[in-house]
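Here is a short tour of one protein, written for someone who is just starting out. Keep the picture open while you read.

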Amino acid sequence: MPTKILVADDSATMRRVLEMTFAGEDARVVSVDNGEAAVNKAGEIVPDVVFADASMSGVDGYEVARRIKSNPQLARVAVIVMASQHTPYDDGKGRAAGVDDHVPKPFDTQ
């Protein structure tokens, strides 16, 4: 059974990079362009892991994590926040939201 990966990023380029990154793996990648859509899609597909951009307008990656972790049916889903040099990862916000880990953007796709 393939790993279900949900990607939430307002950048079409970053969504495509993540789709290409996991193309050779036993994974199914579903991409959305905003945090609200990520929370809704997570409820539909119950992913194994969510990659969410820290700096999306509206519902950002931290809020995506908070909403997913507060849903009993999704609480075990791993949430990884992607942060950039322009918007560095905020460790305090991440801990408060239940973020499992973070990765800096850009990242090495290997």
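## A walk around the model

Let's drop in at D91, a residue that sits in helix α4. Keep in mind that what you are looking at is a predicted model. D91 counts as partly exposed, because its relative accessibility is 43% and the partly exposed class runs between 20% and 50%. Now look for H102: it comes 11 residues away from D91 along the chain, and the C-alpha atoms of the two are 9.2 Å apart.

**The overall layout**

Time to zoom out. The protein has five strands and four helices. If you follow the chain from start to end, you meet them in the order β-α-β-α-β-α-β-α-β.

How does the radius of gyration compare with that of a compact globule? For 110 residues, a compact globule would come out near 13 Å, and the protein has 13 Å, so the two agree. Along the principal axes, the C-alpha atoms fill a box of roughly 35 × 35 × 20 Å.

Of the 110 residues, 39% count as buried. The accessible surface comes to about 6,100 Å², and carbon and sulfur atoms account for 48% of that. As for charge, you can count 17 negative and 12 positive side chains, with the centres of the two sets 4 Å apart.

There is also a nice number about how the chain folds back on itself. Take the contacts between residues at least 6 apart in sequence: 59% of them join residues at least 24 apart.

**Helices with a buried face**

Let's take three helices in turn and ask which of their residues are buried.

Start with α1, which covers residues 12-21 and has M14, R15 and L18 as buried residues. Looking down the axis of α1, you find these residues within an arc of 105°, so they line one face of the helix. They pack against β1, β2, β3, β4 and β5.

Next comes α2, residues 35-45, where G35, A38, V39, A42 and I45 are buried. Their arc, seen down the axis of α2, is 145°, so these too line one face of their helix. Among the elements that cover them are β1, β2 and α3.

In α3, the buried residues are G61, Y62, V64, A65 and I68. They fall within an arc of 155° when you look down the axis of α3, which means that they line one face of this helix. Their packing partners are α2, β3, β4 and α4.

**A few residues worth a visit**

Back in α2, you'll find E36. E36 is partly exposed, with a relative accessible area of 35%. Leaving out neighbours within four places in sequence, E36 touches V59 and R67. G58 is 22 residues from E36 in sequence, and their C-alpha atoms are 7.9 Å apart.

Move on to the loop between α2 and β3, and you come to V46. What is unusual to look for in the phi of V46, given that V46 is not a glycine? The phi angle of V46 is positive, at about 45°. V46 counts as partly exposed, with 37% relative accessibility.

P2 lies in the segment before β1. Its relative accessible area is 37%, so P2 is partly exposed. Beyond neighbours within four places in sequence, P2 is in contact with D26, A27, R28 and D48.

Finally, head to strand β5 for P104. Buried or exposed? P104 is exposed, because its relative accessible area is 53% and the cut-off for exposed is over 50%.

**Pairs along the chain and in space**

To finish, here are some pairs, each with its separation along the chain and its distance between C-alpha atoms.

| Pair | Apart along the chain | C-alpha to C-alpha distance |
|---|---|---|
| P2 and R66 | 64 residues | 25 Å |
| P104 and P88 | 16 residues | 7.9 Å |
| E36 and G58 | 22 residues | 7.9 Å |
| D91 and H102 | 11 residues | 9.2 Å |

Try finding each pair in the picture, beginning with P2 and R66, whose C-alpha atoms are separated by 25 Å.

Methods:
Residues are numbered from 1 along each chain as its sequence is written. This is a predicted model: local features need pLDDT of at least 70, side-chain atom pairs count only at pLDDT 80 or more; totals for chains, interfaces and linings use all residues. Side-chain values use heavy atoms; hydrogens and water are left out. Helices (H or I, at least four residues) and strands (E, at least two) are DSSP runs, numbered from the N terminus. The radius of gyration is taken over C-alpha atoms; the globule rule is 2.2 Å times the number of residues to the power 0.38. Buried means under 20% relative accessible area, exposed over 50%, partly exposed in between (1.4 Å probe, protein chains only). Contact means heavy atoms within 4.5 Å. Accessible areas come from the Shrake-Rupley method with a 1.4 Å probe; for residues, only the protein chains shown count as cover. Lys and Arg count as positive and Asp and Glu as negative; His and the chain ends are not counted. The place of a charge is taken as NZ of Lys, CZ of Arg, CG of Asp or CD of Glu. The arc is that of the directions from the helix axis to the C-beta atoms.
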